[in-house]
Amino acid sequence: MAHCVTLVQLSISCDHLIDKDIGSKSDPLCVLLQDVGGGNWAELGRTERVRNCSSPEFSKTLQLEYHFETVQKLRFGIYDIDNKTPELGDDDFLGGAECSLGQIVSSQIITLPLMLKPGKPAGKGTITVSAQEMKDSRIVTMEVEARNLDKKDFLGKSDPFLEFFRQGDGKWHLAYRSEVIKNNLNPTWKRFSVPLQHFCGGDPNTPIQVRCSDYDSDGSHDLIGTFYTSLAQLQAIPAEFECIHPEKQQKKKSYKNSGTVCVKICQVETQYSFLDYVMGGCQINFTVGIDFTGSNGDPSSPDSLHYLSPTGVNEYLTALWSVGSVIQDYDSDKLFPAFGFGAQVPPDWQVSHEFALNFNPNNPYCTGIQGIVDAYRQALPQVRLYGPTNFAPIINHVARLATQAAHQRTASQYFVLLLLTDGAVTDVEATREAVVRASHLPMSVIIVGVGGADFEAMEQLDADGGPLHTRSGEAAARDIVQFVPYRRFQNAPREALAQTVLAEVPSQLVSYFKAQGWAPFKPLPPPAKGPAQAPQA
């Protein structure tokens with residue numbers, strides 16, 4: 001399973017810091033801490049100290065790994081440094097601020113009031129933090145063919161493949177290996193893409209060695225020929241290179257080459273990341289669907305999955321909190337539609353498979369995750385648990401919203417549906433149809449199985465073993481479903497469930513927008529340059 005881990009660079013500035021020094025301004029420094037659980041904070045880094053400045057812009061950036069699937073709670077502390085000791089206990093505290101890394105990257109830049117302690121502001125002091133992803137997001141896309149390669153096999157022709165190596169640290173590093181084309185002296189290899197950083201270190205003039213070899217199943221591949229080039233030369237389309245076999249060249253005066261390699265396409269393109277889209281203004285719209293079928297058991301009975309413990313929680317709410325607390329940082333209005341399914345609902349007691357938890361079908365939005373929890377607790381005694389377990393109506397409901405968003409033809413909205421259920425889906429074929437249709441839309445579906453039922457049908461919806469197909473044979477455009485049984489995480493830290501169910505969302509979002517050819521909604525501005533300041537220590 002691929003997790004979204006990216007290196008993020010934070011740039012920090014402050015305004016209106018309080019002055020602790022007599023006769024001059026403070027000498028501020030910023031320290032970055034991360035919550036590691038149990039009330040513990042770990043220091044991740046510090047900026048430099050800026051002398052005599054109440055509104056510093058720190059030149060030293062702070063780097064940390066960004067994980068989409070966890071809430072990374074950060075604390076920024078500003079200190080007035082008046083000595084040379086690294087300990088901060090003997091320095092004046094000018095104020096601090098807390099937020100999650102998700103809030104920073106989704107806003108791209110965030111300004112927070114500095115607090116001396118909870119409820120006590122540090123004067124008018126504020127801290128501004130901006131985030132930038134640290135990577136070269138470009139890729140090289142190439143299409144290559146060869147002509148008149150040497151015949152290397154006794155009974156056949158050759159089975160050629162290509163290898164590209166970049167030079168670095170006095171060594172050649174493998175950057176790409178093509179597929180083998182059997183029995184062909186004039187092969188055309190599949191188009192391929194390689195991250196620019198990996199291909200040439202981002203430098204178009206880095207030496208590149210290309211080796212064309214004849215594949216042998218025992219691994220003793222025979223060299224057909226090699227040549228040396230650079231990305232700059234490869235981009236000079238049409239680019240042709242003679243494959244030279246050094247030993248043959250030395251032995252035969254009449255030797256010309258062992259074939260010609262022709263570069264038909266060599267393009268450098270931007271490969272946008274999940275962070276690019278989020279920082280480019282993409283809103284992630286979060287919708288929740290909760291199972292109210294009879295198999296959950298009478299909510300008033302302690303054996304029921306809907307039974308609220310004396311502390312007011314159950315597996316449904318624990319799963320909702322753990323996933324929702326991560327997602328909510330990526331939705332600016334914090335208004336989440338929440339639905340129930342599989343219950344008889346008042347006033348006519350008809351079975352509904354998409355009733356608003358707040359019983360307001362024209363406005364099913366709840367304010368924040370707490371709003372969904374409140375609506376759930378109020379709805380529970382007002383409905384009759386029934387059945388069957390039909391997912392398709394809620395999936396299709398979100399799909400209609402995603403269809404409207406897709407008509408804008410911009411990477412401005414993506415939809416995540418969280419389904420919390422206690423059992424196997426009843427409308428299997430309708431759900432398959434709904435998921436396959438939704439795979440063409442900007443949306444993902446997360447299913448958390450609550451309780452101890454057999455969830456085999458759910459595992460099939462999570463198409464990790466190959467694309468999902470409808471009964472008529474239509475295949476899903478991409479895998480958009482992630483299923484996880486809650487019980488597997490019952491004794492794990494709460495964030496472990498969120499990490500697992502959300503781990504695939506970044507790649508699902510990127511794969512959709514990439515397939516549409518949509519760049520981030522708003523171009524990312526270059527980092528601003530501030531005015532010159534006093535010399536830094």
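Modeller: Before we start, a strand here is a DSSP run of E with at least two residues, and strands are numbered from the N terminus. The model we are looking at is predicted.

Biologist: Thanks! With that in hand, in which strand is the place of Asp-35?

Modeller: The strand to look for covers residues 28–37. Asp-35 has its place in that run, which is strand β2.

Biologist: Does Asp-35 count as buried, partly exposed or exposed?

Modeller: Buried needs under 20% relative accessible area and exposed needs over 50%. Asp-35 has a relative accessibility of 30%, so the class for Asp-35 is partly exposed.

Biologist: How far apart in space are Asp-35 and Thr-410?

Modeller: Along the sequence, 375 residues separate Asp-35 from Thr-410. In space, going from C-alpha to C-alpha, the separation is 36 Å.

Biologist: Let's step back to the whole protein. What percentage of its residues is buried?

Modeller: The protein has 12 helices and 26 strands, and its C-alpha trace spans about 90 × 80 × 40 Å along the principal axes. Among contacts with a separation of 6 or more, 71% join residues 24 or more positions apart. Of the 537 residues, the buried share is 51%.

Biologist: What distance separates the centres of domain 2 and domain 3?

Modeller: The protein is divided into domain 1 (5–133), domain 2 (138–270) and domain 3 (275–516). Taking the centres over C-alpha atoms, domain 2 and domain 3 are separated by 48 Å.

Biologist: Between which domains does the largest nonpolar core lie?

Modeller: This core has 89 residues, and those touching the most other members are Leu-10, Phe-76, Ile-104, Ile-127, Phe-292, Leu-357 and Leu-502. Helix α6 (residues 315–327) gives the most to the core, with seven residues. Two domains contribute residues, so the core lies between domain 1 (5–133) and domain 3 (275–516).

Biologist: Which residues does Phe-76 touch, not counting residues up to four places away in sequence?

Modeller: Phe-76 is among the core residues that touch the most other members. With its sequence neighbours set aside, the residues Phe-76 touches are Leu-10, Ile-12, Cys-30, Val-31, Leu-32, Gly-95, Gly-96, Ala-97, Cys-99, Ile-104, Ile-127 and Val-129.

Biologist: Now for helix α7: how far apart are its end C-alpha atoms?

Modeller: Helix α7 covers residues 368–379, which makes 12 residues. At 1.5 Å a residue they should span 16 Å, and this agrees with the end-to-end C-alpha distance of 17 Å.

Biologist: What covers the buried residues of α7?

Modeller: The residues in question are Gly-368, Ile-369, Gly-371, Ile-372, Val-373, Ala-375, Tyr-376 and Ala-379. Their cover includes α6, β17 (283–291), β18 (335–341) and β22 (365–367).

Biologist: How many of the seven residues of β18 are buried?

Modeller: Strand β18 is largely enclosed by the rest of the structure. That follows because the number of its seven residues that are buried is six.

Biologist: Is the β-α-β crossover from β17 to β18 right-handed or left-handed?

Modeller: β17 and β18 pair in the parallel sense over four bridges, and Ile-290 has Gly-340 in β18 as its bridge partner. The chain goes from β17 through α6 to β18, and the hand of this crossover is right-handed.

Biologist: What is the bridge partner of Gly-340 in β21?

Modeller: Strand β21 (residues 355–356) runs antiparallel to β18, and two bridges join them. In β21, the partner of Gly-340 is Phe-355.

Biologist: And what is the bridge partner of Pro-337 in β22?

Modeller: β18 and β22 pair in the antiparallel sense, over three bridges. On the β22 side, Pro-337 is partnered by Tyr-365.

Biologist: Which strands stand at the edges of the open sheet β20-β19-β23?

Modeller: The sheet has three strands in that order, with antiparallel pairing. Each edge strand has a single partner, so one side of each is left without a neighbour in the sheet; these strands are β20 (350–352) and β23 (384–385).

Biologist: One last residue: which residues is Thr-260 in contact with, leaving aside neighbours within four places in sequence?

Modeller: Thr-260 has its place in strand β16 (residues 260–270). Its relative accessible area is 16%, so Thr-260 is buried. Beyond its sequence neighbours, the contacts of Thr-260 are Glu-145, Ala-146, Arg-147, Glu-240 and Phe-241.

Notes:
Residues are numbered from 1 along each chain as its sequence is written. This is a predicted model: local features need pLDDT of at least 70, side-chain atom pairs count only at pLDDT 80 or more; totals for chains, interfaces and linings use all residues. Side-chain values use heavy atoms; hydrogens and water are left out. A nonpolar core is a set of buried Ala, Val, Leu, Ile, Met, Phe, Trp, Tyr and Cys residues joined through side-chain atoms within 4.5 Å. Buried means under 20% relative accessible area, exposed over 50%, partly exposed in between (1.4 Å probe, protein chains only). Domain bounds come from an automatic or database domain assignment. Contact means heavy atoms within 4.5 Å. The expected span of a helix is 1.5 Å times one less than its number of residues. Two strands pair if DSSP finds at least two bridges between them. A crossover is right-handed if, with the strands pointing away from the viewer, the path from the first strand over the helix to the second runs clockwise.
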